[in-house]
Amino acid sequence: MAIAILMPSAEPRALTGRVMRWLRREGEFVEAGEPVAEIATARATMDVEAPESGVLSRILVAAGESEIAVAAELAWIEPGPAAHRPTEVASGLARVGRKIASPRARRLAREAGVDLSGVVGGGPRGRVVESDIRAAIEIHAHGVRTARMTGAAPSGRLLPLMEAAEWTPQVHLEADCRIDALEVFRAGLNARARAEHRTKISLLDCVVKALALALRQAPRANVALTPKGYELARHVDIALGLTLDGEIVAPSLPAAEEMSLAEIAAARAAFLARRFAPDAFAGGNCLVANLGGFGVKRAFPVVVAPWTSVLGVGAAEKRIVAEQGAPAVATLLAVTLSIDRRAMDEAVAGAALAAFKGLIEHPAGLAD
């Protein structure tokens with residue numbers, strides 16, 4: 001008799017969920033407790049595990065379909081002995097030494113540089129699952145306990161906050177960037193975006209692009225925190241701090257230096273519309289914390305793992321400046337680059353901040 005796989009509740013108050021993707025195909029053998037699908041709600045993602053060992057005989061809900069009610073049937077499993085299981089390669093599981101790892105665990109471990117052979121598996125029969133990898137990342141990357149922000153969402157969307165900031169030696173570098181030329185540049189881009197029905201370029205999008213290019217120009221400031229320690233990163237992966245429903249989330253933009261302003265704007269719009277990839281909240285070497293929307297003039301953010309630097313962005317405001325010996329009105333944006341002093345020194349961070357200021361004040365360098 002077939003056993004149904006039901007839509008679980010990814011969070012306490014969730015009434016529906018969406019199947020993001022199936023990890024197994026019809027006709028494949030699955031073991032009890034093995035992840036077979038990824039589901040998501042507006043605030044969380046999670047794996048759906050097989051309730052029994054057997055053949056995934058029928059998938060009832062295609063990936064990407066509209067919201068499915070909690071407890072609705074997603075697929076059927078025909079129970080059967082494990083002797084009918086195909087090879088490990090065909091089943092989608094990989095052995096590491098004597099260990100077996102789920103697909104999501106393998107992907108996350110590969111992205112974070114975690115050696116699977118050293119991870120203790122907490123899944124059925126010692127299988128390494130996603131939660132095991134995330135625990136290993138926290139242990140190796142932080143070296144200290146982490147605290148979760150009150151009210152933040154589960155399943156990887158929490159910002160990892162240290163219980164004591166003194167664990168990370170901090171340095172803060174400030175700069176005021178004149179953005180009058182940038183606003184003219186951005187107005188021209190948005191006139192074209194409106195005509196082409198594309199997402200408008202925001203000031204934040206320009207900040208992200210300028211930071212990505214600045215870190216490429218000053219590569220010694222583009223440092224990743226890995227289980228092996230601090231290493232120069234191959235790409236500029238930027239995490240974008242956003243507030244959704246009063247919760248802080250930090251989706252990442254991998255290789256942001258290779259993205260156009262239009263692509264950054266589209267990604268930001270997708271994040272705000274809650275269209276997240278399952279691994280959207282893993283990664284990023286530098287975090288952009290935009291507090292200007294709250295009217296904050298200048299922010300001094302604290303650097304916490306896994307980031308090695310944080311760019312705090314304040315509100316743009318009109319100020320009186322000296323221009324050729326005479327007073328003039330200019331629009332200035334206050335920014336602060338906070339760094340982990342173990343990852344880079346002040347001279348390296350200063351070079352990155354100078355490159356950022358130059359790109360903001362001469363925005364032609366941000367063009368696609």
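Me: What makes strand β16 largely enclosed by the rest of the structure?
Reply: Burial of its residues. Buried means under 20% relative accessible area. Six of the seven residues of strand β16 (residues 238-244) meet that mark, so the strand is largely enclosed. Keep in mind that this is a predicted model.

Me: How do you know that β16 pairs with β18, and in which sense?
Reply: Two strands pair if DSSP finds at least two bridges between them. Two bridges join β16 to strand β18 (residues 252-253), so the pair qualifies. The two strands run antiparallel. Ala239 has Ser252 in β18 as its bridge partner.

Me: Which sense do the pairings of β16 with β19 and with β17 take?
Reply: β16 and strand β19 (residues 286-290) run parallel, joined by four bridges. There, Leu240 has Val288 as its bridge partner. β16 and strand β17 (residues 247-249) run antiparallel, with three bridges. Leu242 is matched with Val249 in β17.

Me: Val288 turns up again in the largest nonpolar core. What makes it stand out there?
Reply: Its contacts with other members. The core has 55 residues, and Val288, Phe356 and Leu366 touch the most other members. Helix α5 (residues 203-217) gives this core its largest share, 10 residues. Leaving aside residues up to four places away in sequence, Val288 touches Leu204, Val207, Val208, Leu211, Ile238, Ala239, Leu240, Gly241, Leu311 and Val313.

Me: What other core lies apart from it, and how many residues does it have?
Reply: A core of 16 residues, among them Ile5, Met7, Val61 and Ile77.

Me: Phe356 sits in helix α7. How do you know that the buried residues of α7 line one face?
Reply: By looking down the axis. The buried residues of α7 are Val348, Ala349, Ala352, Leu353, Ala355, Phe356, Leu359 and Ile360. Their directions fall within an arc of 160°, so they line one face of the helix. An α-helix has 3.6 residues a turn, so residues three or four places apart point the same way. The buried residues of α7 pack against β13, α4 (180-195), α5, β20 and β21.

Me: How does the reach of α7 compare with the expected span?
Reply: Helix α7 (residues 346-361) has 16 residues. From first C-alpha to last, α7 reaches 22 Å, close to the 22 Å expected at 1.5 Å a residue.

Me: What reaches to the backbone nitrogen of Ala347 at the start of α7, and why is that called a polar contact?
Reply: A side-chain oxygen of Asp345 comes to within 3.2 Å of that nitrogen. The cut-off for N or O atoms is 3.5 Å, so the pair is inside it.

Me: What makes β21 largely enclosed?
Reply: The same reasoning about burial applies. In strand β21 (residues 326-340), 12 of the 15 residues are buried, so the strand is largely enclosed by the rest of the structure.

Me: Which strands pair with β21?
Reply: Strand β13 (residues 170-178) does, antiparallel, through nine bridges. Asp176 has Ala334 in β21 as its bridge partner. Strand β20 (residues 309-323) does too, antiparallel, over 13 bridges. Gly312 stands opposite Thr336. In the β20 and β21 hairpin, two residues lie between the strands, and Gln324 takes a positive phi near 55°.

Me: Why are β5 and β7 called edge strands?
Reply: Their open sheet has four strands in the order β5-β4-β2-β7, with antiparallel pairing. β5 (45-49) and β7 (68-69) each have a single partner strand, so one side of each is left without a neighbour in the sheet. Strand β4 (residues 35-40) pairs with β5 over five bridges. Ile39 has Met46 in β5 as its bridge partner.

Me: Which strands stand at the edges of the sheet β1-β8-β6-β3?
Reply: β1 (3-6) and β3 (29-30), each pairing on one side only. The sheet is open and antiparallel. Within it, strands β6 (residues 54-59) and β8 (residues 73-79) pair over five bridges. Leu56 stands opposite Ile77 in β8.

Me: Leu6 is in strand β1. Why is Leu6 called partly exposed?
Reply: Its relative accessibility is 42%. Buried is under 20% and exposed is over 50%, so Leu6 falls in between. Leu6 touches Val48, Ala71, Ala72, Glu73 and Leu74, not counting residues up to four places away in sequence. Leu6 and Ala71 are 65 residues apart along the chain, yet their C-alpha atoms are separated by 5.0 Å.

Technical notes: Residues numbered from 1 in each chain as written. Predicted model: local features only at pLDDT ≥ 70, side-chain atom pairs only at ≥ 80, totals over all residues. Heavy atoms only, no water. Buried < 20%, exposed > 50% of the residue type's maximum accessible area, 1.4 Å probe, protein only. Core = buried A, V, L, I, M, F, W, Y, C linked by side-chain atoms within 4.5 Å. Contact = heavy atoms within 4.5 Å. Expected span 1.5 Å × (residues − 1). Arc of directions from axis to C-beta. Polar contact = N/O pair within 3.5 Å; in protein donor to acceptor, adjacent residues only side chain to side chain.
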